[in-house]
Amino acid sequence: VSTQSTGDVVLQPLEVRLDEHAEKIITIKLLEKKANGSYQTPVGYHKQDLLQKSSSFLPLDIKLSSPGQIYLRGYGFDAQWKGEMRIMGTITDPQLMGEIILTRGKFDLLGKPLKLIEGRITYSPEPKNDPLLSIVGTRDMGEITATMRIEGYASDPKITFSSSSALPQEEILARLLFGRGIESMSVTQSLLLANALSAFKGKNNLNFSDKIRSAFGLDVLEFKERKSAEGEDFQSATQQVSVGKQLSDKVYLSIDQSVSGDRGTTATVQFDVTPSLKIEADAGGDKNTGVGFAWVKKY
């Protein structure tokens, strides 16, 4: 008698966290300690093991569909997708087939959001469970519009940058991160840029943010913008580099540095008195030194 698991499943909603996937599933053998101190396999374990092995060959043919409520988050992505997929193969060796298409979303490039305008993730028979990516994001920077493309298989994607006016990739990335060209960058900014370029070209480059932070031994690394009162366009924003480090279980240090240097450096120390009470001390920059208290209540 042939048995197959089939069905149609409508996903609404489904959230996929890219940065929380399990790298490896470990099987633990269960042993029972006897009165004499010896260890034996529990009664009934063999029957359960045989049952699991017999069901592992159960063929699958399940159709998955979503009208637009697949949420892909992590590694800088926050996007909504739609499409249809099929789960083939067996329970222990499943295979995904099909395609999902971008509905809307954004990509966070170390604190700088890019609007996703195109996106396709396609699963084919070969290579197995290694989808083909085609994702495009853009950011308007006043004089130019930068475009980021993520293409290739998920196991080894290629990330490239282009712009409305022909510029080298390192120049585009410098303007994206620091709001200025390579010729006017400081030594520290040049070092950050070199690490960013290296991370984009490396293996598992979708996780480039963690790679750059790890290279500098930081817990937080962001590139921020502070809007001026003169307007909301790109040129009126002050570019900042923000770094943070957890010094101990209760002490966290963050430093904000203006890229242009006109606002100086601001250091903030946060001390957790209790899980709910925090003390923050600020010094430097364009504001006076001060101490504040914060009460946090989680519901």
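Trainee: Let me start with a single residue: in which strand is K112 found?

Mentor: K112 is found in strand 8, and you should keep in mind from the outset that what you are looking at is a predicted model.

Trainee: Is K112 buried or exposed?

Mentor: Burial is read from the relative accessible area, and a residue counts as buried when that value is under 20%. K112 has a relative accessible area of 0%, so this lysine is buried.

Trainee: Which backbone oxygen atoms does the side chain of K112 reach?

Mentor: One is the backbone oxygen of L176, which lies 3.0 Å from a polar atom of the K112 side chain, and another is the backbone oxygen of L177, which the side chain of K112 reaches at 3.0 Å.

Trainee: Which residues of helix 2 are buried?

Mentor: L176 and L177 are among them, together with E171, I172, L173, A174 and F178. Because seven of its ten residues are buried, helix 2 is largely enclosed by the rest of the structure. Just after the helix comes G179, whose phi is positive, near 70 degrees.

Trainee: Which residues touch the most other members in the largest nonpolar core?

Mentor: That core holds 42 residues, and the ones that touch the most other members are W81, L109, F161 and L173. Helix 2 gives the most to this core, contributing six residues.

Trainee: How should I read a salt bridge, and how many are counted here?

Mentor: The general idea is that side chains of opposite charge can pair when their charged atoms come close. In this model the count comes to ten salt bridges. One of them stays inside helix 2, where the side chains of E171 and R175 meet with 3.0 Å from N to O. These two residues are four apart in helix 2, which is about one turn of the helix. E171 is buried, at 9% relative accessible area, whereas R175, at 22%, counts as partly exposed.

Trainee: Which salt bridge links distant parts of the chain?

Mentor: Look at K128 and D93, whose closest N and O atoms are 2.7 Å apart in a salt bridge. The two residues are 35 apart along the chain, with K128 in the loop between strand 8 and strand 9 and D93 in the loop between strand 6 and strand 7. K128 is partly exposed, with a relative accessible area of 36%, and D93 is also partly exposed, with 41%.

Trainee: Are K278 and D272 buried or exposed?

Mentor: K278 and D272 are both buried, and they form a salt bridge in which the closest N and O atoms are 3.1 Å apart. Elsewhere, salt bridges that share partners join E15, R73 and D78 into one network.

Trainee: Turning to the rings, how many aromatic pairs does a search of the whole structure find?

Mentor: A pair of aromatic rings is described by the distance of the centres and the angle of the planes. The search of the whole structure finds one such pair. The partners are F77 and F107, with 4.8 Å from centre to centre and 65 degrees between the planes, an edge-to-face arrangement. This pair links distant parts of the chain, since F77 lies in strand 6 and F107 in strand 7, 30 residues apart.

Trainee: And are F77 and F107 buried or exposed?

Mentor: F77, at 5% relative accessibility, counts as buried, and F107, at 1%, counts as buried too.

Methods: Residues are numbered from 1 along each chain as its sequence is written. This is a predicted model: local features need pLDDT of at least 70, side-chain atom pairs count only at pLDDT 80 or more; totals for chains, interfaces and linings use all residues. Side-chain values use heavy atoms; hydrogens and water are left out. A salt bridge is a side-chain nitrogen of Lys or Arg within 4 Å of a carboxyl oxygen of Asp or Glu. Buried means under 20% relative accessible area, exposed over 50%, partly exposed in between (1.4 Å probe, protein chains only). A polar contact is a pair of N or O atoms within 3.5 Å; within protein, one must be able to donate a hydrogen and the other to accept it, and residues adjacent in sequence count only if both atoms are side-chain atoms. A nonpolar core is a set of buried Ala, Val, Leu, Ile, Met, Phe, Trp, Tyr and Cys residues joined through side-chain atoms within 4.5 Å. Rings of Phe, Tyr and Trp (its six-membered ring) pair if their centres lie within 6.5 Å; planes under 30 degrees apart count as stacked, over 60 as edge-to-face and the rest as tilted.
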